[in-house]
Amino acid sequence: MKRILNLLTSRAFVVSALMFVEIALIASIMIFLSWLVMPIFFLFLLSNIIIVIGIISRNNNPMFKIAWIVPVLAIPVAGALFYIMFGRTHLNKKNTKKLTLAYNSADGFFTVNNELLARINAKTPHIAKEAFYIMESSRTDIFEFTETEYLSPGNVFYEKLVFELKKAKKFIFIEYFIINEGEMWETIKHILAERQTSGVEIRVLYDDMGSAISGVAPAFQQELRKLGFKVAVFNPYKPSLDKFLNYRDHRKICIIDGKAAFTGGINIADEYIGINDRLGHWQDSGVMLRGDAVNRMTIMFLQMWTFTTAEPPDYADYMVDFRANHDGCVIPFSDEPLIQELICENAYINIIANATRYVYINAPYLIIDRNVSSALIRAAKSGIDVKIITPGTPDKKLIYYMTQSNYKDLIEAGVEIYEFTPGFIHNKTIISDDEKAIVGTANFDYRSFYLHFENGVWLYGSKAVLQAKSSFENSLIQSRRVTWEQIEDTPYGRRLLCSLLQVFAPLL
């Protein structure tokens, strides 16, 4: 008995017993989990099927659907969670209600110049259709007493902007995707501070993520408020699974006294005016409006201000009765993810489809869906001179490869693609037939078409149209044409990467 007792209390026996218990516990857990494998597997499978059915049933571009179906099926849990967070391209009820109220609040200031439309329709019906589509979809109007000036490159735009800012007497409204500290912003800030002390109202609205990525400090808005500016930050980044974080204010607007307005591709940062040469020469552009169309730009700004701050709108206080000389027709418009209308994409497609001689496009990112690709191919095969300039030096390597992955089908159809050899081209313009153009903020990519808040100016018969054409032709001289031989000589590894990127292009 003593020997048995000694054995049972020995360290070897106790350790062995504990090891046996541990092994038995692990085995029991494994057996228990093995019973759950199939139920868990079928639960994941069912949830993935439901999500895939939901993706297919949505009124989205087929490429957008495919890009989400692949990761949802390939990576069941992570893919499904990622889609729930970022994949749905409609706003939630709260933000839809806010945006609807902000835009409906301007209905009393929305009119349609039917007399001008009738005159255009009598002369060129296809132009009238283009105009009416933008007016109806974006709830805007057409104006004929607005002078226009196309400003390129960025330093020319900057000089004109500074000149107009110094003349402000009543208010300055600024809305930009990126405001980055540097020489450009310091000069503008100094002018704004000086104008504010003279009684000019200053409002600054900027996108939180766009400016944060570019290096703006968290204390930036406090600094501006100390100067007496009214400040609003669009969609501040915060730890959250709310998919609205994926929507950004990509617009670029500056309004001065309701008489002059600026927009285009240029943000407030030094690289846009050629000070930072990291990417070589930065080619960019914008347009200045002076006249009755500026009131519409003011309304667009105040709508976004109301949406961002929930402050009651005060449109009447900022409407100005100011007409400039006749300079063609102008439609300022906005595009937001409130509905699946894709105003910017459709406006571009309408210009391409209605071209009779040529279509010239500046595109820093050529990441297009089948709708735009088909429109370009049809135009080229119909004998239209279609030329596109893309960057020669990329700002983002992966996006550059995605842009190049779209070359093959377009070049095969007769579209001429050129890469801007001096550096990076950031213009966002489309020009056609010496008579119409769009200058704005929307890129030829999925983000601009589906997710971003954007704005642009449709121009018909305006001075800025021929100025934009002249600028394009000047850039063309400095660009190299992409040949079919270059496409054929692309390494197989790059081709494989490009094919993969084509699938996931809508997600980037």
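**Exercise 1. Is D434 buried, partly exposed or exposed, and at what relative accessibility?**

Solution. The structure shown is a predicted model, and the class of a residue follows from its relative accessible area, where buried means under 20%, exposed means over 50%, and partly exposed lies in between. The relative accessibility of D434 is 29%, so D434 counts as partly exposed.

Continue with the partner of D434. K469 and D434 form a salt bridge in which the closest N and O atoms are 2.9 Å apart. This pair links distant parts of the chain, since K469 belongs to helix α18 (residues 463-477) while D434 sits in the loop between β14 (429-432) and β15 (436-440), 35 residues apart. K469 has a relative accessibility of 16%, and therefore counts as buried.

**Exercise 2. Find the residues with which R251 forms salt bridges, and state where the side chains lie.**

Solution. Begin with E175, whose side chain meets that of R251 in a salt bridge of 2.8 Å, N to O. The two residues come from distant parts of the chain: R251 is in the loop between β4 (230-234) and β5 (252-256), whereas E175 is in strand β2 (residues 171-176), and 76 residues separate them. Both R251 and E175 are buried.

Next, take D249, which also forms a salt bridge with R251, here with the closest N and O atoms 3.9 Å apart. D249 is buried, as R251 is.

**Exercise 3. Describe helix α12, and then follow the chain just past its end.**

Solution. First consider the span: helix α12 (residues 294-309) has 16 residues and reaches 22 Å from its first C-alpha to its last, which is close to the 22 Å expected at 1.5 Å a residue.

Then consider the surroundings of the helix. Of the 16 residues of α12, 14 are buried, so the helix is largely enclosed by the rest of the structure. F307 is found in α12, and with a relative accessible area of 2% this residue is buried. F307 and L99 are 208 residues apart in sequence, yet their C-alpha atoms are 5.6 Å apart in space.

Finally, step beyond the helix. Just after α12 comes A310, which takes a positive phi of about 65°, although A310 is not a glycine. A310 lies in the loop between α12 and β9 (329-335), and its relative accessible area of 63% means that A310 is exposed.

**Exercise 4. Which residues gather in a patch of negative charge on the surface, and which helices each supply at least two of them?**

Solution. The patch on the surface is formed by D409, E412, E485, E488 and D489. Turning to the helices, α16 (407-413) and α19 (484-488) each supply at least two residues of this negative patch. As an example of a single member, take D409, which has its place in helix α16 and, at 38% relative accessibility, counts as partly exposed.

**Exercise 5. Examine the backbone at R139 and at P153, two residues in loops that flank β1.**

Solution. Start with R139, which is found in the loop between α7 (125-138) and β1. Phi of R139 is near 55°, a positive value in a residue other than glycine. With a relative accessible area of 28%, R139 is partly exposed.

Now move to P153, whose place is in the loop between β1 (146-151) and α8 (154-165). The peptide bond that runs from S152 to P153 is cis, with omega near 0°.

**Exercise 6. In which helix is F449 found, and how many residues apart in sequence are F449 and E345?**

Solution. F449 is found in helix α17 (residues 446-451). At 4% relative accessibility, F449 counts as buried. The separation of F449 and E345 in sequence is 104 residues, whereas in space they are 5.9 Å apart, C-alpha to C-alpha.

Notes: Residues numbered from 1 in each chain as written. Predicted model: local features only at pLDDT ≥ 70, side-chain atom pairs only at ≥ 80, totals over all residues. Heavy atoms only, no water. Patch = residues over 30% accessible without salt bridge, like charges linked within 9 Å, V, L, I, M, F, W, Y side chains within 5 Å. Areas by Shrake-Rupley, 256 points an atom, 1.4 Å probe, with all protein chains shown as cover. Salt bridge = Lys/Arg side-chain N within 4 Å of Asp/Glu carboxyl O. Lys, Arg positive; Asp, Glu negative; His and termini not counted. Charge placed at Lys NZ, Arg CZ, Asp CG, Glu CD. Helix = DSSP H or I, 4+ residues; strand = E, 2+ residues; numbered from the N terminus. Buried < 20%, exposed > 50% of the residue type's maximum accessible area, 1.4 Å probe, protein only. Expected span 1.5 Å × (residues − 1).
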